[in-house]
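Trainee: Could you take me through one part of this protein up close? I'd like to look at the disulfides, and then at whatever else is worth a visit.

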Amino acid sequence: NSGSCAMERWAMLAACVLLCCSCTMVTAIQRADMFPYGTLNGDSVLREGDDETSKVLSLPRPLYFFNSPFSQLYVATNGIISAQDLPMEKQYVDDGFPTDFPVVAPFLADIDTSGGRGQIYYRVTEIPSVLNRVAQEVHRGFPDANFTPTHAVVATWENVPAYEEQTRPPSPPNKVNTFQAVIGYDETDSYVLFLYPEGGLNFFGTLPKESYNVEIELPARVGFSRGEIPNILTSRNEGPYYSVTSNEQSVKNLYQFGNSGIPGLWLFHTGNRYSFDNIVPASIKGPVSTPPTVGYDSHMVILFLQQCSQNAFCTDYATGFCCHCQPGFYGNGRQCLPDGAPQRVSGKVSGTVYVGSTPVSLNNIDLHAYIVVGDGRAYTAISEVPEPVGWALMPVAPIGELFGWLFALELQNSQAGFKLTGAEFSRHAEVVFYPGNQRLSIIQTARGLDDHNHLTVGTVISGSVPFLPPGAEVTMEPFKETYQYYPSVATSTSIREYSVVTADRGSESFSFQLKQNITYRDCPHNNQAATPETLQILMERVFVMFVKEERILRYAITNKISPVRGETNYLHNPCYAGTHDCDTTAQCIPLEDLAFQCQCATGYTGDGHNCYDIDECAEGLGTCGDNSECVNLPGSHRCHCQRGYEFGYDGRTCVAGLTVPLRSILGAFSTTFLHPQLQKCSSSPCHINARCINGLGSFQCQCQLGFFGNGFYLTPTERPESMCERWRASLIEHYGGKPGPQQYVPQCEPDGEFSPVQCYGETNYCWCVDQNGRMVPGTKSDDAVKPACISSVPPPTVRPTSRPDVTPPINTGITLLYAQGQKIGALPLNGTRLDESRSKTLLALHGSIVVGIAYDCKENQVYWTDLSARSINRASMVSGAEPEVLINTNLVSPEGLAVDVKRRLMFWVDSTPDVIERANLDGSGRRTLFDTDLVNPRAIIVVSSTGTLYWTDWNREAPKIESSSVDGQNRQVIVSDGIGLPNALTYDSATEQICWADAGTKRLECISSDGSGRRVIHANLNYPFSMVYYRNHFYYTDWRRDGVIAVNKHRSLFTDEYLPEQRSHLKTNCIMHTL
C-alpha cells in the first residue's frame, strides 16, 4: 500500500486521500457477517407496532450488568434491551442517558414497525457456534480476559423505519436500519457486541414525539445505563451510564468505525459479579484478520475519515494514516495545543461518597483546574463541596493529579500525558485507605476541547472515605509515581502516605493504595512512534485544603515527568528547578549549566518575560480557508463556517452545505426596514415603550418587557401563549420539570417567538429555525461556534455578539461595582437605595476568577485581579472597550486591589507568597512594599488624601489590620485584638475612620488611625467578604446570602439587599461615580 496525503489537491474532500494501484483494506461487516437470526434460528418475533415490548425473556442463569444480577430481559421496538419491563415510550424515547431503568441500547430512537415494516428478532441461546464466536471476539478485544460464555442473547432489528406522523409525507422505502446486539455472559462477567453492517444505517435520528411540526431530529442514543439504584436513605440514586454517541456525526460513525478492529463491530465489557464501576470499551490496534479483503483499482479513492486538529498534518503509513501536531503545538494529532501556554480544565463532579456511614451526594458541582505548563504547576478547585466530604476528600489528591500528568514539566527523554491521550480519554482509579480498608472509585472522562480550547473532563466519585474532623489539616510529602505504558493505556500502582493534624489527636500518619489506568485512542500505523515503557512523575510541593467558608476543595501540585532512571545533574537548571522568571505564557529553554532562555509560547509574542497574545485573525496568520471565519483564542484561533457552509473532514475547510438556494432562505427577510439614511435612532421612530436598535443600513424596534407588538404600535395587555412557549412548557413537563444538559428545550424570545438559534441543552449541536420553529436546511452545526441565524419574524430582532465587552451603565450617578465569579456587575444607587431594576453586567470575563476590583474616577477605568489567570487587568468604562492585561508575571494569588487616583498608583496583595506590591497604573514601576511578617493578606485600601495604605492579614493565629505610607514607610499595627477573619476594609470619609467587616466575629467595626474611638456598627453579620462606604451606609458582599447588603451607620440596621438571579459568591465591590 503506497500513497501520500494530498490535502491541497483534494481540498474539496477535506480529507487525506490515498491513490493506489492495488491495495487491500479492512472492510466493514456485511449482513452475512452478523450472528445468525430469524425464525429458522429459533428467534421469537416482536409484534409490530410503534411502542412494543417483548414477553419476558427468562435467563437460565443470572446476567451481571454493571455489578447487579438480572434474571430476565425485555426487547423493545425502540432499539433497546432492558432488564425490566419498560415504561411508555414518551417517558424515555426522546431523553438522553441516563435512563431510569437498565438499558443496553444499540440504537435508541423512535422506531415504528407498524404495517409490517421491518422485523425484530430475539432469543437466548447456548448453541456452541454462537458462544465460540462471542468468545473469540472477546478474547481479541480483551486478551487478558478469562471468559468462556455459557449463554448469549441475540437481538436483531432488520429493516426497521423511524416513526412518522400521519400528516407527514412518507419517507423513501429504503430509509430503514438494520443492526444487532449480542450479549454474552458466564457466571461472573458479561460482554456486549453491537453490529452495524455496511449499508445498514440509513437514518441517524428521529423526530421528538411532541414536535409541534418543528423539523428537529434527535440523534439516536447508543450505549448503556444502569438505571436508578435503590437506596435506603434516599430511596433511589442515579446509576452509572456510558454513551458511545453524542451527536449525529458520531451515529454515522457507527458503521464507518469500530473499537474491535473491524468497521461496524463494537465490543464492551458490561458487568462483573464482584467489582464493576463502568463500561469498558475494547481497544484493538493494528491489522486484524477479516473476511475476504476487497481490491481497488487505480481509479479508486479511499478517504481517510480520521479528523485531525487544524494545527496538525496527516501522514500516510503503510497500513493507514496518522495525525501529527505541527511544530509549535503538542498533542496526539487529533487535538493540538500551543506549546508553553497555560491550560485550563473545566467539568462537573458527581457521585455518592460515604463519609464513615453517612452518604453524601455530589450533584454536578463545578471543577476547574489551571496548569502552568512552563513549570508543571497544577491547581485544581472543586466548588460547593458539602462540608463532611470536603474535609474527608483532602487526602484524595489523585483527583487533581490527572491534570498534573497530562501537562507535567517534561524533563529530558520524556513526554507528558496529553501528547498520548489528546483531549479524549477515560481514567479509572481505585483508592484503598488503610487501616480502615475504605474504597473509593474515581472515573474521569475527557470529552474534548471546548470553544476556548479548554479541556472538558467529567468526574464521577463513588465509594467510602475515612472521616476527618472539621478543621483538620492534611499534609503530603513529595513522592514519585511510576507509569507503565502499553498500546492505548497507561497504568500505575503506588502506596501513598499522608499526615492528618487535628486539635484533639495531634499529628497521625495514614496511607492509601492507588491503582489507576488511563485508556485512550492512539494511531497504530506509526510504528516509528515508540512510547516509553515506563516514565516517572515527581510530585513536589503537594498542597491540599478545604475552605469551609467557601466550600471549596483545593489541590495544588508541581509535577515533573522523567525517565525512571537517568542523569539528574541537569535538574539544577532554573527551567527544571522552577526558579526561572519566564512569563506564565512562555517556555523556559535550558542552556548550559544554569543558563536559560525564555521564549513566548506559540501564539504569543514578547521577550519571554512578558508575553502577549497574537491575534492570528487580525494579523492574517489564521489557517481558515474560503467561506469560513476566524475566531481568535489565547495562543491560537478557531475557524467556523459561514452561513450555508459546513466543515469537511479536516475541520477547517468549508464546503457547501445548503440544500436550498440561499435566496430562498433570505427571501423571508423582505420585511426588514432597510433605510440607508436611518443609520441612527436619533429620530426616535419607535414606540415610547420600545427600544430602537441600529443596524447596518437599517434599524429595528424591540418591545420592552410587559409589552408586545411590532415595536411601532404596542399593547400592554396579556398576550396569548405562543407555539414556542406551549411546546417549551410541554417538554419541561415531560422531563419532570428538570431537563438534562443534553435534552432539547425550545428557546423562546420575550415576545414568545422562536429564538433564531436553537440548541440541544448545553451542547454545541445547534441550528437555525424559521418563525414557525422549523429548522432552516443546511444550518445544523456541531461546532463550538453557533451558527449565525437571523430571525424571520418582522421586524428582525438583532442580537449583538458578546463584544463589545464593556457595557457601561448610562446616566446612573453613583454605581456599585461588584465581582461575581466570571463577571463584574454594576448596581446603580437611587439615593442610598440599591436600584435592582437597573443592575447589569459590566464585563463578562469567561474563564476568570475576579477577586479584587478598584475604580479610577479620573480616567473612568475599572481595575481587577484575576485569580485564575494570575493577572491584574483594566478596562475603560466606554462601550466597546476591551480588557487590557497590565501584569501577569510573578503573581500567584492576587486578591485585594486599590487605586490611588491622586498619585496614579495601584496597590495589591498576593496571599500565597504573602507580599504587598505597588505599580503605576499602566503596570510599570512595579516594586514590593512588604514581604515579611505577613501570613495571609486579604483586603487593601488607600486613602489618597493622606497617602496612607491599610490592609488586613487573615493570620488565624494572630489576625491584624496594619497601615503604612504609600511608599512603604511608617508600618504599624492598627488592630490586633478582638478580630477573627477581617475580610472587608473601607474608609469612612465623614469620621476619617477605618472600618472592617469580620467573617469570624461577624461584626462591622470602625476605628481611628491612631487606634482610638473603636466602635461596633453591627454585631450580627453573616459572611462579609468586601465592603465600601457611601453617605452613612456600608455596602458589603455577603457569601451566605450571595448578594449585596446595605447597613445604616447610625441606626445599625440592615436597610436593603440585592440578590442576583445567578447565585454565586460576590466578592469585592467599589463605588463608581459617573458624571
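Mentor: Let's start with Cys 724 and Cys 748, which form a disulfide with their sulfur atoms 2.0 Å apart. Keep in mind that you're looking at a predicted model. And what is a disulfide, chemically? It's a covalent bond between the sulfur atoms of two cysteines.

Now see where the two ends sit. Cys 724 is in helix 8 (residues 723-734), while Cys 748 is in the loop between helix 8 and strand 49 (757-759). They are 24 residues apart, and the pair links distant parts of the chain. Look along the S-S bond and you'll find a torsion of -95 degrees, a left-handed link.

Is each end buried or exposed? Cys 724 has a relative accessibility of 1%, so it counts as buried. Cys 748 has a relative accessible area of 23%, and because buried means under 20%, Cys 748 counts as partly exposed.

So how many disulfides are there in the whole structure? A search finds eight. Let's visit two others.

One of them joins Cys 600 to Cys 611, with 2.1 Å from S to S. Cys 600 belongs to strand 38 (residues 596-600) and Cys 611 to strand 40 (residues 611-613), so here a link between distant parts of the chain bridges 11 residues. The torsion about this S-S bond is about -90 degrees, which means the disulfide is left-handed. Both Cys 600 and Cys 611 are buried.

Next, go to Cys 995 and Cys 1006, a disulfide whose sulfur atoms lie 2.0 Å apart. Which hand does this link have? With 105 degrees about the S-S bond, the link of Cys 995 and Cys 1006 is right-handed. Cys 995 lies in strand 68 (residues 993-998) and Cys 1006 in strand 69 (residues 1004-1008), so the bond ties together parts that are 11 residues apart in sequence. Cys 995 is buried, at 0% relative accessible area. Cys 1006 is buried too, with a value of 0%.

While you're thinking about accessibility, click on another cysteine, Cys 857: its relative accessible area is 44%, so it is partly exposed.

Now for a sheet. Strands 63, 64, 65 and 66 form an open sheet in that order, with antiparallel pairing. Why do its two edges have a free side? Strand 63 (937-943) and strand 66 (972-975) each have a single partner strand, so one side of each is left without a neighbour in the sheet. From one strand to the next, the twist averages 30 degrees. What holds strands like these together? Strands of a sheet pair through backbone hydrogen bonds, either parallel or antiparallel. Zoom in on strand 63 and strand 64 (residues 948-953), which pair in the antiparallel sense over five bridges. You can pick out Pro 937, whose bridge partner in strand 64 is Asp 953.

Last stop: helix 2 (residues 248-256). Its buried residues include Glu 248, Ser 250, Val 251 and Leu 254. They pack against strand 6 (103-108), strand 12 (218-219), strand 13 (221-225) and strand 17 (265-272). Here's a handy rule for reading a pattern like that: an α-helix has 3.6 residues a turn, so residues three or four places apart point the same way. Finally, check the N-terminal end of helix 2, which is capped by Asn 247. A side-chain oxygen of Asn 247 lies 3.3 Å from the backbone nitrogen of Gln 249.

Terms used. Residues numbered from 1 in each chain as written. Predicted model: local features only at pLDDT ≥ 70, side-chain atom pairs only at ≥ 80, totals over all residues. Heavy atoms only, no water. Buried < 20%, exposed > 50% of the residue type's maximum accessible area, 1.4 Å probe, protein only. Helix = DSSP H or I, 4+ residues; strand = E, 2+ residues; numbered from the N terminus. Contact = heavy atoms within 4.5 Å. Polar contact = N/O pair within 3.5 Å; in protein donor to acceptor, adjacent residues only side chain to side chain. Disulfide = S-S within 2.5 Å. Pairing = 2+ DSSP bridges. Axes fitted to C-alpha atoms, helices over the stretch in contact; angles between N-to-C directions.
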